[in-house]
Amino acid sequence: MSIISIDDIHKNRFLINQHITVFGWIRNRRDSKCGISFLDLYDGSSIKTVQVIVNQSIFNYNTEVLRLTIGCSVCIDGRLVLSIGKKQKYEIQASKLMVIGWVDFPEKYPVAAKNHTYEYLREIPHLRSRTNFIGVITRIRNTMFHAMHHFLYKKKYYWIPTPIITSLDSEGAGAMFKVSTLDISNPPRQKDGLVDFKQDFFGKESFLTVSGQLTLESYACSMGKVYSFGPTFRAENSNTTRHLSEFWMLEVEQAFFDLNEISELSEQIIKYIINFVLKHCSNEMNFLQNKIDANIFQRLEKFLSSEIVHINYSDAIQILQDSDYNFKNPISMGMDLFSEHEKYLVDHYFFNAVFVKNFPKHLKAFYMKLNNDGHTVSSMDLLIPGIGEILGGSQREENKSILKNRLLELNLNKKDYSWYIDLRRYGSVPHSGFGLGFERLISYITGIYNVKDLIPFPRTINHALC
Ligand code: 4AD
Ligand code: MG
């Protein structure tokens, strides 16, 4: 007797006629008049269920089998056979069925019905992974993790676990969650009345990281090719389909690399991940084609076969200004792009993904390399169809004096960044990197345009269930 998964059943013909044991949950039960029940069983390993035939000769048929409802967990011993039914290839003829867990009040089981709205499922994140839909997302997300690590490992990048707790605002944007053990209702205060963070756990003000980039740079400046991958936190007041307060970001950093080289690498990684998903998640992609986006394969194939467009920020503004489109936010040189502008460029102008490069320095973070023109920085945002920005990156400022000036211009405390300036003091090198929003990439691949449905337990403003 061997315990196997439903995915094994569908992939291994050699199991036919063998006695097997399967664990899982009931997705459906039908009973025939002649004392046979048909159970559909799922176990998370595959989008497919396996049909189990249970005959009334089983001792607990009347007492238990006929009482099974959606969501009950069971263990089944039986023989795997080729099915004569048209709907499935294989089925299990059960010789024994053991109920492991009943469902309390089946009529109230929150995920019993087949179709639920996304909104409803978001309210029950602890149960929604029982639906086919979230199962599909979970397997695709998992495959993407593997693809990403696989690509980077093969190319000899080191995975650096950058810290989640930090005292630095990496982006200089201020949207950080505080980490403190002080009594929030009565914190210790300095003479001037301000909170005395010297008495806090780390002896200074600390936060959840908005990006691992700065610490990653320190490793790039010694190990050469590095990346970090982990949860990232932003206390932004952005209640949109693209924003989470806790999201996952892949950050890659490479010494002796310029902006063009890093943008090329980012394109290769994204394409590798998409190819990997198409190869390893065909059942899941077919499900999404039927339910979400009939055009999913053509859309991704087109992305894979075309080269991403590269334009300068100033050209992007010119295109937007020349268009007849009635933007809610009229654009002018020096302004940041709104989501509607990003979408116009990719969905209505280029019909392709676009790297927008060399933004004015006042729109970007302090660490980006100042171009020779003195007012733009060597930066890039990757915009993709249907989504907008999916990735941001830059060449980093390797010149100590320019970096110090930038900190000054942005009113950032030089002392806080002294270790970061050290990297420019001791054997400074040109280096570049980027950050890829993982949920946004899942969104592009799956065609599901709300990132709240693409992370198991979404955290957004006023929303942090479980
Ligand atoms: O453009 P961002 O802010 O860049 C950085 O954090 C750099 N330090 C990265 C680097 O160069 N190492 O964020 C990078 C990407 C964005 O392009 C977007 O895809 C995603 O992270 N992102 C979010 N995804 C979901 N929810 C949010 N609130 C996000 N904020 C950024
Ligand atoms: Mg950005």
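**Exercise 1. Work out which residues surround ligand 1 and which are closest.**

Solution. Start with the shell: 23 residues surround ligand 1, and the closest are Glu-171, Gln-213, Glu-251, Glu-389 and Ile-390. To be counted as near, a residue needs a heavy atom within 4 Å of the molecule.

Before going on, a word on the ground rules: this is a predicted model, where local features need pLDDT of at least 70 and side-chain atom pairs count only at pLDDT 80 or more, while totals for chains, interfaces and linings use all residues. Residues are numbered from 1 along each chain as its sequence is written, chains are lettered from A and ligands numbered from 1 in the order in which they are written, and side-chain values use heavy atoms, with hydrogens and water left out.

**Exercise 2. Find polar partners of ligand 1, then say how much of the ligand the protein buries.**

Solution. Take the oxygen side first: an oxygen atom of ligand 1 sits 2.8 Å from an N or O atom in the Arg-234 side chain. Next, a nitrogen atom of the ligand is 3.0 Å from an N or O atom in the side chain of Glu-236. Then look at the backbone, where a polar atom of Leu-244 is 2.9 Å from a nitrogen atom of ligand 1. Now the area: alone, ligand 1 exposes 620 Å², and the protein buries 93% of that (Shrake-Rupley method, 1.4 Å probe).

Which elements give two or more residues to the shell? They are strands S12 (246-255), S16 (388-395) and S17 (431-437); strands are DSSP E runs of at least two residues, and helices are H or I runs of at least four. S16 gives the most, with five residues.

**Exercise 3. Decide whether Lys-271 is buried or exposed, and trace its contacts.**

Solution. First place it: Lys-271 is in helix H5 (residues 259-280). Its relative accessibility is 15%, so Lys-271 counts as buried (under 20%; exposed is over 50%; 1.4 Å probe, protein chains only). Then follow the side chain: one of its polar atoms lies 2.7 Å from the backbone oxygen of Ser-306. Finally, leaving aside neighbours within four places in sequence, Lys-271 touches Phe-303, Leu-304, Ser-306 and Glu-307 (contact: heavy atoms within 4.5 Å).

**Exercise 4. Sketch the whole chain in numbers.**

Solution. Count elements: twelve helices and 17 strands. Get the extent: the C-alpha trace spans about 85 × 55 × 45 Å along its principal axes. Check burial: 51% of the 466 residues are buried. Last, of the contacts between residues at least 6 apart in sequence, 66% join residues at least 24 apart.

Terms used. A polar contact is a pair of N or O atoms within 3.5 Å; within protein, one must be able to donate a hydrogen and the other to accept it, and residues adjacent in sequence count only if both atoms are side-chain atoms.
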